[in-house]
Amino acid sequence: MEKEIVARLEAAVARLEALAAAGSLAAPAGVPDAALAVDPAVVAFDELVERSLGRLSAAADKIGGKVQEATKILAESFAVLKELLVKAKHCQKPDLAGLQEFLKPLNEVILKASALTEGRRSEFFNHLKTVADSLTALAWVAYSGKDCGMNMPTSHVEESWQMAEFYNNKILVEYRNKDANHVEWAKALKELYLPSLRDYVKSFYPLGLTWGSAGSAVVCSSASAPSVAKDPPPQAPVPPPPPSASLFTSEAASSRPKEGISAVFQEIGSSKSVTAGLRKVTDDMKTKNRADRSSVVAVTEKGSRANSFSFRKEGPPKLELQMGRKWAVENQIGKKNLVIDDCDSKQTVYAYGCKDSVLQVKGKVNNITVDKCTKMGIVFMDVVAACEIVNCNGVEVQCQGSAPTISVDNTSGCQLYLSKDSLGASITTAKSSEINVMVPGAGPESDWVEHALPQQFVHTFKNSQFTTSAVSHSGG
């Protein structure tokens, strides 16, 4: 009997100590240093900040000004993120209102970064916009399940960086040959998110935040009291519920003017004349008698309306390696310095929806496909399988190495430049026009020689079969 009592007392004391510890750990500042030192997620996060964020801050200090200010806000946001990660492990999973209160510090820092992009544009607008857009990646902590309306944490980090990469690429293009500090800053910022933050989330939080157990932690909700005061203030009495709607149907509803369809029926049922209050249309008010009106529709109005319906919504620009296999180059407009230099023979390149851009592929890839691009330039070394041009208009393709097959399908205007190693390539065309092939001259100093591929053919029936030959035009 005594052993039973002693065991129950020890269990009660252990629970009280756990509750007291949880009360002190509600804020990350109260977490013992020893607990943080052994937590692998916290240790890995500190290493991420020291490595990637340290490189970014060093580049920002050399630039100074608004870039340095925005980088400090970004560092502050990562500090707030660490506090939330530590706090979540000592709190129960909150409800929706509690989660909003829990994420409030992070939201305030993100709004602070967005405020830098408002007002008059500075010369470092692309830097400020990159930081502001990239901070949405930290919202992965709000993921609470597959029905919460968000993507998985790892996917959320990747997609959020795609929005910021549009402005980050502008920095690389603008300062490529001007200032190495800005280039270093842009590269360090990308490395902070991809792959550092993405790999960290994938390793430690693939399914969202890790919350504390329900029996030994404080609930992180807006209704819970974070204070540990001995005498909590008395709660205000709960107000009584509002009276039912039936109390207002007698006098208030009858005195209030009717609205909507009720007012229409009331007006019809009244004793007033139906035509009372109508204005009389005089001759000078009629359209046929007005000089400022015409029944003829202008051509410009029709054309503008037609153009509005032909607008095609484009997606965000992309230049990324997907699943380690496919380089996706999408929706790049006016980018003349697109480069893919980290590739191998097992990867493919897919360019889609690009316009007025130039893509250079340095290295050997398995396949290159250019789809629905306009005024696009492609320069590549070697392909294992084929280079395919599909649904394009006005593209230029240059092969500096070897390519066994080049396919052109449903394309208008294609200029092919072949090297000496690719002269044996098999060129296939279908439903295409204005296909010209440039080949090197006979000597090392000779000019390129242009050959036009036929797009018109003559089919004649001879000897019980059709014979097809290209159309030839006489100069006479």
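This report describes the salt bridges, the largest pocket and the aromatic contacts of a predicted model.

## Salt bridges between distant parts

The model contains nine salt bridges. One of them joins the side chains of D39 and K89, with 2.9 Å from N to O. D39 sits in the loop between α2 (33-38) and α3 (40-63), and K89 in the loop between α4 (65-88) and β1 (91-92), so this contact ties together parts that are 50 residues apart in sequence. The two partners can also be described by their accessibility. D39 has a relative accessibility of 15% and counts as buried, because buried means under 20%. K89 has a relative accessible area of 26% and is partly exposed.

A second salt bridge links the side chains of R55 and E184, at 2.6 Å from N to O. R55 belongs to helix α3 and E184 to helix α9 (residues 180-204), so the pair ties together parts that are 129 residues apart in sequence. R55 is partly exposed, at 32% relative accessibility. E184 is partly exposed as well, at 31%.

## Salt bridges of α8 and α9

Helix α9 also takes part in a salt bridge between E165 and K190, whose side chains meet at 3.0 Å, N to O. E165 is in helix α8 (residues 153-175) and K190 in helix α9, so the bridge ties together parts that are 25 residues apart in sequence. E165 is buried, with a relative accessible area of 5%, whereas K190 is partly exposed at 31% relative accessibility. Salt bridges that share partners also join E158, R198 and D199 into one network.

## The largest pocket

Which residues lie nearest the centre of the largest pocket? They are E165, K190, L319, E320 and W327, out of a lining of 34 residues. E165 and K190 are thus found again here, after their salt bridge described above. The volume of the largest pocket is about 1200 Å³.

Several elements contribute to this lining. At least two residues each come from α8, α9, β3 (318-322) and β5 (338-340). Helix α8 gives the most, with 10 residues. Sorted by class, the lining has 14 nonpolar, seven polar and 13 charged residues.

## Aromatic pairs

The structure holds 13 aromatic pairs. A pair of aromatic rings is described by two values, the distance of the centres and the angle of the planes. For Y350 and Y352, these values are 6.2 Å centre to centre and 10° between the planes, and the pair is stacked. The label follows from the angle, because planes under 30 degrees apart count as stacked. Y350 is partly exposed, at 21% relative accessibility, and Y352 is partly exposed, with a relative accessible area of 24%.

Ring pairs also build a cluster, which links F45, F78, W140, W161, Y193, Y200, F204 and Y205.

## Charges over rings

Rings also meet charged side chains in this model. R121 lies over the face of F125, at 3.9 Å from the ring centre. In another such contact, the charged end of K178 sits over the ring of Y175, 5.1 Å from the centre of that ring.

Technical notes: Residues numbered from 1 in each chain as written. Predicted model: local features only at pLDDT ≥ 70, side-chain atom pairs only at ≥ 80, totals over all residues. Heavy atoms only, no water. Salt bridge = Lys/Arg side-chain N within 4 Å of Asp/Glu carboxyl O. Helix = DSSP H or I, 4+ residues; strand = E, 2+ residues; numbered from the N terminus. Buried < 20%, exposed > 50% of the residue type's maximum accessible area, 1.4 Å probe, protein only. 1 Å grid on protein atoms, 1.4 Å probe; cavity = no way out; pocket = protein on both sides within 12 Å on 5 of 7 lines; lining within 4 Å. Points joined across faces, edges and corners; volume = space filled by probe spheres on them. Nonpolar A, V, L, I, M, F, W, Y, C, P; charged D, E, K, R; others polar. Phe/Tyr/Trp six-rings, centres within 6.5 Å; stacked < 30°, edge-to-face > 60°. Lys NZ or Arg CZ within 6 Å of the ring centre and 35° of its normal.
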